[in-house]
Amino acid sequence: MAKQVVDGVTMQRALTRITYEIIEQNKDLNELVIVGIKTRGIYLADRIAKRLNQLENIDVPVGELDIRMYRDDVHKLDHSLTPDVEGSDLPVSITNKHVILVDDVIFTGRTIRAALDALMDQGRPNKISLAVLVDRGHRELPIRPDFVGKNIPTALSEEINVEVSELDGEDGISISKLEA
């Protein structure tokens, strides 16, 4: 049973706060490229870009990053099957740009490590910053987000579920116990 810990309004406030922090920490917003990690990171990246447009009247390019083939747990897959890879979609070159990498939840850091590998195969940015909606702790790698919407401490026996209206019909963040 999932317990909602953040409603849609609070989630939008967290994204707005991330957007303001991005503005404050970047003198030249024209050098930004926002890249969302599939799947929910894409929708969050789009929302941050739209908010940047509302606040600063600037169109920041938004890309999609598919990291499935970069994950370090790929060896667990049945290699007799060909993985269905949709691929990444970056509308502009990221070389010499400041990439804001966006994901819904940071946990062990392994997804972000895979995303960094995938980004580097696309170009060489001047800088990469990480924006996450939720930091739940329990890092296994030395990776720390630059922009955090909410810190939600969890037990290892719990799972964070982010819902976005584009996919799930409503916005919200909930915690559920993992099945034993």
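Helices (H or I, at least four residues) and strands (E, at least two) are DSSP runs, numbered from the N terminus. By that numbering, Asn57 sits in the loop between helix 2 and strand 3 (62–65). The model is a predicted one. This briefing covers an open three-stranded sheet, the helix that packs on that sheet, a helix pair, a buried serine and some backbone features.

**The sheet**

- Three strands make up an open sheet, in the order 1-8-7, with antiparallel pairing.
- Strand 1 (3–7) and strand 7 (158–163) are the edge strands; each has a single partner strand, so one side of each lacks a neighbour in the sheet.
- On average, neighbouring strands of this sheet are turned by 25° against each other, direction ignored.
- Strand 7 pairs with strand 8 (residues 172–177) in the antiparallel sense, over six bridges.
- In this pairing, Glu159 stands opposite Ser176 of strand 8, and Glu158 stands opposite Lys177 of strand 8.
- Strand 1 also pairs with strand 8 in the antiparallel sense, over four bridges.
- Gln4 faces Ser174 of strand 8 as its opposite residue.
- Strand 8 is mostly covered, with five of its six residues buried.
- In a regular strand, side chains alternate between the two faces of the sheet.

**Helix 1 on the sheet**

- Helix 1 (residues 8–24) packs on the sheet and touches strand 1, strand 7 and strand 8.
- The direction of helix 1 makes about 50° with that of strand 1.

**Helix 1 against helix 2**

- The axes of helix 1 and helix 2 (residues 40–56) come within 9 Å and cross at roughly 60°.
- That angle makes helix 1 oblique to helix 2, because angles from 65 to 115 degrees count as roughly perpendicular and those under 35 as roughly parallel.
- The crossing of helix 1 past helix 2 is right-handed.
- Helix 1 contributes Met11, Gln12, Leu15, Thr16, Ile18, Thr19, Tyr20, Ile22 and Ile23 to the contact.
- Helix 2 contributes Leu44, Arg47, Ile48, Arg51, Leu52, Leu55 and Glu56.

**Ser129, a buried polar residue**

- Ser129 lies in strand 5 (residues 127–135).
- Its relative accessible area is 3%, so Ser129 is buried; the cut-off for buried is under 20%.
- The side chain of Ser129 makes a polar contact with the side chain of His98, at 2.7 Å.
- Leaving out residues up to four places away in sequence, Ser129 touches His98, Val99, Ile100, Leu101, Asp146 and Phe147.
- His98 is therefore both a residue that Ser129 touches and its side-chain polar partner, while strand 4 (98–106) covers His98 in its residue range.

**Backbone features to check by eye**

- Most residues other than glycine have a negative phi, and most peptide bonds are trans.
- A cis peptide bond joins Lys38 and Thr39, with omega about 10°.
- Thr39 lies in the loop between strand 2 (32–37) and helix 2.
- Asn57 is not a glycine, yet has a positive phi of about 55°.
- Asn57 is exposed, because its relative accessible area is 69% and the cut-off for exposed is over 50%.
- Asn96 likewise has a positive phi, of about 65°, although it is not a glycine.
- Asn96 lies in the loop between strand 3 and strand 4 (98–106).
- With a relative accessible area of 46%, Asn96 is partly exposed.

Note on methods. Residues numbered from 1 in each chain as written. Predicted model: local features only at pLDDT ≥ 70, side-chain atom pairs only at ≥ 80, totals over all residues. Heavy atoms only, no water. Pairing = 2+ DSSP bridges. Axes fitted to C-alpha atoms, helices over the stretch in contact; angles between N-to-C directions. Contact = heavy atoms within 4.5 Å. Buried < 20%, exposed > 50% of the residue type's maximum accessible area, 1.4 Å probe, protein only. Polar contact = N/O pair within 3.5 Å; in protein donor to acceptor, adjacent residues only side chain to side chain. Parallel < 35°, antiparallel > 145°, perpendicular 65-115°, else oblique. Left-handed = near helix turned anticlockwise from the far one by under 90°.
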